[in-house]
Amino acid sequence: MTVTYNIFGAKVGSHYLAMLTLGTIFGTAYTFAGGSSKIPATPPLNASSSDEADFIKKFLDSAEAGEKKDAPAKH
């Protein structure tokens, strides 16, 4: 048997109060622990000149193209 409490004129079982309390605690923690959903696509390039930045971008593009070409087919 459960213990019932009289809340605003309605009888509420203790197991409902426990579920409400745990749901509130974990729901609040989940909401505030979400953090930022913005993820940068690539790390920032710390190049000393624009020529160096262009070289790095071209190298990364060619490396990604090589990975896509060598990757096995997904079925």
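Buried means under 20% relative accessible area, exposed over 50%, and partly exposed in between (1.4 Å probe, protein chains only); these words recur at several stops below. This is a predicted model, in which local features need pLDDT of at least 70 and side-chain atom pairs count only at pLDDT 80 or more, while totals for chains, interfaces and linings use all residues. Residues are numbered from 1 along each chain as its sequence is written, and side-chain values use heavy atoms, with hydrogens and water left out.

**The whole protein.** Begin with a cartoon view, in which the secondary structure amounts to two helices and two strands, where helices (H or I, at least four residues) and strands (E, at least two) are DSSP runs numbered from the N terminus. Followed along the sequence, these elements give the pattern β-β-α-α. If you then switch to a surface, its accessible area is about 7,300 Å², with 63% of that belonging to carbon and sulfur atoms; such areas come from the Shrake-Rupley method with a 1.4 Å probe, and for residues only the protein chains shown count as cover. Of the 75 residues of the protein, 3% count as buried.

**The segment before β1.** Select T2, which sits in the segment before β1 and counts as partly exposed because its relative accessible area is 44%. Leaving aside residues up to four places away in sequence, T2 touches S14 and H15, a contact being heavy atoms within 4.5 Å. Measuring from C-alpha to C-alpha in the viewer should give 7.4 Å between T2 and H15, although 13 residues separate them in sequence. Next select V3, which belongs to the segment before β1 (4-7) as well, and which is partly exposed because its relative accessible area is 47%.

**The hairpin.** Now select residues 4-7 together with residues 10-13: β1 and strand β2 (residues 10-13) pair in the antiparallel sense over four bridges, strands being counted as paired if DSSP finds at least two bridges between them. Within this pairing, N6 stands opposite K11 in β2, and I7 has A10 of β2 as its bridge partner. The two strands form a hairpin with two residues between them. Select F8 in the loop between β1 and β2, where its phi is positive, about 55°, although F8 is not a glycine. Most residues other than glycine have a negative phi. F8 counts as exposed because its relative accessibility is 87%.

**The nonpolar patch.** Keep F8 selected and add V3, Y5 and I7, since V3, Y5, I7 and F8 form a nonpolar patch on the surface with about 460 Å² of accessible area together. Patches are made of residues with over 30% relative accessible area and no salt bridge, like charges being joined within 9 Å and nonpolar side chains (Val, Leu, Ile, Met, Phe, Trp, Tyr) within 5 Å; a salt bridge is a side-chain nitrogen of Lys or Arg within 4 Å of a carboxyl oxygen of Asp or Glu.

**Helix α1.** Select L17 in helix α1 (residues 14-32), which is partly exposed because its relative accessibility is 26%. Not counting residues up to four places away in sequence, L17 touches Y5, I7 and V12. The C-alpha atoms of L17 and T4 are separated by 9.6 Å, with these positions 13 residues apart along the chain. Then widen the selection to residues 12-33, which the unreviewed UniProt entry annotates as "transmembrane region"; UniProt positions are given in the numbering used here, feature names are shortened, and annotations may be inferred rather than shown by experiment. Over this range the chain is 86% helix and 9% strand, and its end C-alpha atoms are 31 Å apart.

**The loop towards α2.** Finish at L45, in the loop between α1 and α2 (50-70), where the residue is partly exposed because its relative accessible area is 36%. Not counting residues up to four places away in sequence, L45 touches A53, I56 and K57. L45 and I56 are 11 residues apart along the chain, and their C-alpha atoms are separated by 8.1 Å.
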